[in-house]
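Colleague: I should like to go through the reasoning behind several labels attached to this model. Please set each value against its criterion.

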Amino acid sequence: MVTFCLEIILFKNVFTEIPLFVHIYCELNSLVALGLNLTEGDIMEISQLLNIECNFSIVVHSALFVFIGMNDRGVILRAFEQFRLKSCVDFKPRAAEEFYISVESHKGCWSYIGRSSPGGQTLSIGKNCGIKGIVEHQFLHALGLNHEHSRYDRDEYVTIKYENINVSTTQETPYDYYSVMHFDKNAFSNGNGSTIITKSPEFQDVIGQLMEMSEHDATELNKLYKCNSSVSFLDHCSFDEESLCEMSVRSAAGDGWQREKSVSGISVTDLTYLGKEQNGTSFFMHFSTEGRNEGDAARLESKTLTPTRACKVQCLQFYYYHSGHESDQLNIWIRELQNETDSTGALRLMDQITETPGNYWKLHHVPLNANKSFQVVFEARKGAGNSSGGFSLDDINISETECPLIWQIRDFEKKLDSGFDFLLSPMYYSSDGYRFVAQLVSSEDQLQIYAAFVSGACDEQLQWPSPWRQITVQILDQNPHIQKRMSFEQSITTDPDLIRNGTYFWNRPYRGPVFISDELVFYNGPAVVALLTKEDLARREFIKGGDLIFLLTMQGGICEGTSENCFKFNCYIKSKRSIISKIISINVVHHSRYLSAASEALSTLIHCKNNSVKFTVKKRQLWLPEFYRKKYGSNVLGFTVLT
């Protein structure tokens, strides 16, 4: 593992006249116009080379943040997690080391190549540079990597159109069109056409991606630092090798987990190469509950894994296919070993899946908290009902990272082809008790992802307006190996001082109530978190088996107490003795379900905590966000309930 000194300083950017740098590549000419001494748009030149080691050595680090650019700070920290997952490079707080990286907010996005000088080496994450791919790009420069299209062999893969331009080492890795270090086709363009033409036309719209570092980027970095390990990655298995990734099968009832290509009688097939050509034959693991007795079980145990990070947090990620009976169980245990001589350990149940069979591959996360060496144990158990299927497993990944929340949209490809206005996620709780929901809005060729707070069990105990919680929405690249993924993500951070229309934007949810997942809740927001085109969905394995998967997180703050100790939200009505007037809006659409919901909502209000409260119901003009107005037009009734 290679560790680097880091001092992060986010200075206030007073250059309000500077153009926006939304994309490091499409705005490179603006950087030139600023008069910065940059090579290829984002590489800071120095007057002379110093006689020092070109790359950083193993040192200890520091991170210093000033209270500006809170969202960018979170993006930088998330980029660090990708370095830890994919490479041996780590970032730690600086103590008094001579060489370190000082991340500052200056004009644009730029860095030096490799270690340039003693003292704090500046790396700029300027205005609108807070995108994970841009941050990784600049840190890869600082760690010694040059642009992909500056390689000595680049002419074999791309053509540089010098007439359209406005006035490295390869570590023996293949040319990588997907590299985060590659400029896009219009970099430095004078408007007369593309400046980079790929020899293989299918990659013309691939180059210049800003999602995250590619598999070959990470390989080149590891070779540069002469290592092949990772800081936070622990294990992966897709069961394509007969060794089963050193996993062992244990069964108390005859045949247990079986390595299969397909299973007769049910539609399950391998997930790893679903939707594309297979390189050879691929497999998955299956436990059949058909014809078994209740209680029959089998276990699939991983090899022994040893956590190394101080946080002692791990995330188990896998796909499962449930084709059995709703009473069948998939139990996930960890066996934590006390010392090197302990071969049995103590089993702890971490999760249990018992649900109506879905007959599709479903992504699942299990947070682990092993402090010592451990094994993951998948136990499939036959339930009481008749079954013609069972449980299948594929594409397992284990890493020393926190588990995000999952929103898997079934048959999204069909929804996209047929057209939809918006889709709502389930409602989620953050680790410190804030409840939120995501919304996917489709308009013409674009997809917009919104986030909004919704009323939850902990609202009475939480701080409002919500301070500095970073909401991140990631569209998962469903590559089977977590280290090879290039997911698309963007973030937004709540600002407690943000005011819109005279109210705090991130205040306690008060609009509504509305029905989400058949529950009556209040909401506040929403805010746009991410924006992409529908064409972007074809760039990676974002859609697999017809499904699109979002990974959601809300990070920041300190959790004080648990939801079990919080006040349970029932209704939001108070008597005149405690509040002069409280307005409750009930949104009703001209649809039988929603008309019924309105009646139920009114009944709920009447039977609230204080039965003595009298209600006056008046029809009124209802305020709705733009995306609701577009969907329902005038077919909306508004009721004002006064107490």
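Modeller: Let us begin with a loop: in this predicted model, S517 lies in the loop between β29 and β30.

Colleague: What makes the phi of S517 worth noting?

Modeller: Phi of S517 is near 50°, a positive value in a residue other than glycine. Most residues other than glycine have a negative phi.

Colleague: Which residue in the loop between α4 (215–224) and β10 (233–237) deserves a similar remark?

Modeller: That loop holds K226, whose phi is near 55° and thus positive in a residue other than glycine.

Colleague: Why is K226 called exposed?

Modeller: The relative accessible area of K226 is 75%. The term exposed requires a value over 50%, so K226 qualifies as exposed.

Colleague: Why are H141 and H147 called buried?

Modeller: Buried means under 20% relative accessible area. H141 has 0%, and H147 likewise has 0%; therefore the term applies to both. H141 belongs to helix α3 (residues 132–142), whereas H147 is placed in the loop between α3 and β8 (158–160).

Colleague: What does UniProt list for these histidines?

Modeller: The unreviewed UniProt entry lists H137, H141 and H147 under "binding site". Such annotations may be inferred rather than shown by experiment.

Colleague: How do you know that the peptide bond from G512 to P513 is cis?

Modeller: Its omega is near 5°. P513 is part of strand β29 (residues 511–516). The peptide bond from G525 to P526 is also cis, with omega near 0°, and P526 lies in strand β30 (residues 519–533). Most peptide bonds are trans.

Colleague: How do you know that β11 and β14 pair?

Modeller: Two strands pair if at least two bridges are found between them. β11 and strand β14 (residues 297–301) have four bridges, in the antiparallel sense, so the criterion is met. S251 stands opposite A298 in β14.

Colleague: To which sheet do these strands belong, and in what order?

Modeller: They belong to an open sheet of five strands with antiparallel pairing, ordered β11-β14-β19-β16-β17.

Colleague: What makes β11 and β17 edge strands?

Modeller: β11 (248–251) and β17 (346–353) each pair on one side only. Neighbouring strands of this sheet are turned by 25° against each other on average, direction ignored.

Conventions
Residues are numbered from 1 along each chain as its sequence is written. This is a predicted model: local features need pLDDT of at least 70, side-chain atom pairs count only at pLDDT 80 or more; totals for chains, interfaces and linings use all residues. Side-chain values use heavy atoms; hydrogens and water are left out. Helices (H or I, at least four residues) and strands (E, at least two) are DSSP runs, numbered from the N terminus. Buried means under 20% relative accessible area, exposed over 50%, partly exposed in between (1.4 Å probe, protein chains only). Axes are lines fitted to C-alpha atoms, for helices over the stretch in contact, and angles run from 0 to 180 degrees between N-to-C directions.
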